[in-house]
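The following exercises are to be solved with the sequence and the structure at hand. Each task is followed by a worked solution.

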Amino acid sequence: MCVIMLTRLALAIVSFVSMFAIVAMVLMLWRDMSGMSVSKDRDVAEAVFGGVVPYDVVLYSDDGSGTQRLAKGCQVVAVKLDISAPPTPPRVDNAKPENLRFGGAWQRTPLSAKFLTVSDPLTKCVDDIGPDFAGAIRAIKNADNAWFARGPGGQVVHLYAPAYRLAARISVAKTR
């Protein structure tokens, strides 16, 4: 009788652990497919946002080398802003290389639809980062309480949204 109860208990434990492992695996796959996983390239995020805005977590960082999920030439770097982030965006640090600068001539969102062309970074690069994160970027560009700045030639878009606790730099390489 005692052996039967111990066998049932062991089977219940094994079943529970197996189910937990399956659920954990499915959640990790969903995270990777949804674009919510953080890439291993945190150095780019630190180079763009470090010392510029206070942030807690790197949400997405792809330098555009084409080795990750983005189209070659697209760079997407996004961080979750710290709760102490100021309500207005930072000034651009012109001492940094152009591909690592954050900021510019800040304007209030929403972004005008006339700026969103086929070669625009928000059109060309955002879909590859996953539907959940792409949806968040689109919501911010259409919000009334965020900021955006365009880089030279319109190939870079900077987003700063302390209400959403998000800062992002999205760029596409210039075509020659």
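**Exercise 1: A partly exposed aspartate and its partner**

Asp-56 has a relative accessible area of 38%, so it is partly exposed. The model under study is a predicted one.

Task. Determine which side chain meets that of Asp-56 in a salt bridge, and state where the two residues lie.

Solution.
Step 1. The structure holds one salt bridge. The side chains that meet in it are those of Asp-56 and Arg-165, at 2.5 Å from N to O.
Step 2. Asp-56 belongs to strand β1 (residues 55-62), whereas Arg-165 belongs to the loop between β5 (156-161) and β6 (166-172). The two residues are 109 residues apart, and the pair thus links distant parts of the chain.
Step 3. A residue counts as partly exposed between 20% and 50% relative accessible area. Arg-165 has a value of 24%, so it is partly exposed.

**Exercise 2: Backbone angles**

Task. Identify the peptide bond that is cis between Thr-109 and its neighbour, and describe the sign of phi at Arg-165 and at Gly-51.

Solution.
Step 1. Most peptide bonds are trans, and most residues other than glycine have a negative phi.
Step 2. The bond that runs from Thr-109 to Pro-110 is cis, and its omega is near 10°. Pro-110 is found in the loop between β3 (107-108) and α3 (121-124).
Step 3. Arg-165 is a residue other than glycine, yet its phi is positive, near 55°. This residue lies in the loop between β5 and β6.
Step 4. Gly-51, which follows α2, also has a positive phi, near 75°.

**Exercise 3: The order of the elements**

Task. State how many helices and strands the chain contains, and give their pattern along the sequence.

Solution.
Step 1. The secondary structure comprises four helices and six strands.
Step 2. Along the sequence, these follow the pattern α-α-β-β-β-α-α-β-β-β.
Step 3. Contacts between residues 24 or more positions apart make up 63% of the chain's contacts with a separation of 6 or more.

**Exercise 4: The buried faces of two helices**

Task. For helices α2 and α4, list the buried residues and explain how they are arranged around each axis.

Solution.
Step 1. Helix α2 spans residues 42-49, and its buried residues are Val-44, Ala-45, Val-48 and Phe-49. Around the axis these residues cover an arc of only 105°, which puts them on the same side of α2.
Step 2. The elements against which the buried residues of α2 pack are β1, β2 and β6.
Step 3. Helix α4 spans residues 131-141; Phe-133, Ala-134, Ile-137, Ile-140 and Lys-141 are buried in it. Viewed down the axis of α4, the buried residues fall within an arc of 125°, so they line one face of the helix.
Step 4. Ala-134 illustrates this buried set: its relative accessible area is 2%. Apart from neighbours within four places in sequence, Ala-134 is in contact with Val-126 and Ile-129. Its C-alpha atom is 9.0 Å from that of Leu-122, a residue 12 positions away in sequence.

**Exercise 5: The surroundings of Ala-78**

Task. Is Ala-78 buried or exposed, and which residues does it touch?

Solution.
Step 1. Ala-78 is placed in strand β2 (residues 74-81).
Step 2. The relative accessibility of Ala-78 is 0%, so the residue counts as buried. In the chain of 176 residues, 38% are buried.
Step 3. When residues up to four places away in sequence are not counted, Ala-78 touches Phe-49, Val-58, Leu-59, Tyr-60, Phe-133, Leu-166, Ala-167 and Ala-168.
Step 4. Ala-78 and Ile-137 are 59 residues apart along the chain, and their C-alpha atoms are separated by 9.8 Å.

**Exercise 6: Aromatic rings and the surface**

Task. State how many aromatic pairs the whole structure contains, and which residues form a nonpolar patch on the surface.

Solution.
Step 1. Five aromatic pairs are found in the whole structure. Ring pairs join Phe-49, Tyr-55, Phe-102, Trp-106 and Tyr-160 into a cluster.
Step 2. The accessible surface of the chain is about 10300 Å², and carbon and sulfur atoms account for 64% of this area.
Step 3. Leu-6, Leu-9 and Ile-13 form the nonpolar patch on the surface; together they have about 300 Å² of accessible area. One of these residues, Leu-9, lies in helix α1 (residues 2-34).

Technical notes:
Residues are numbered from 1 along each chain as its sequence is written. This is a predicted model: local features need pLDDT of at least 70, side-chain atom pairs count only at pLDDT 80 or more; totals for chains, interfaces and linings use all residues. Side-chain values use heavy atoms; hydrogens and water are left out. Patches are made of residues with over 30% relative accessible area and no salt bridge: like charges are joined within 9 Å, nonpolar side chains (Val, Leu, Ile, Met, Phe, Trp, Tyr) within 5 Å. Accessible areas come from the Shrake-Rupley method with a 1.4 Å probe; for residues, only the protein chains shown count as cover. A salt bridge is a side-chain nitrogen of Lys or Arg within 4 Å of a carboxyl oxygen of Asp or Glu. Rings of Phe, Tyr and Trp (its six-membered ring) pair if their centres lie within 6.5 Å; planes under 30 degrees apart count as stacked, over 60 as edge-to-face and the rest as tilted. Buried means under 20% relative accessible area, exposed over 50%, partly exposed in between (1.4 Å probe, protein chains only). Contact means heavy atoms within 4.5 Å. The arc is that of the directions from the helix axis to the C-beta atoms.
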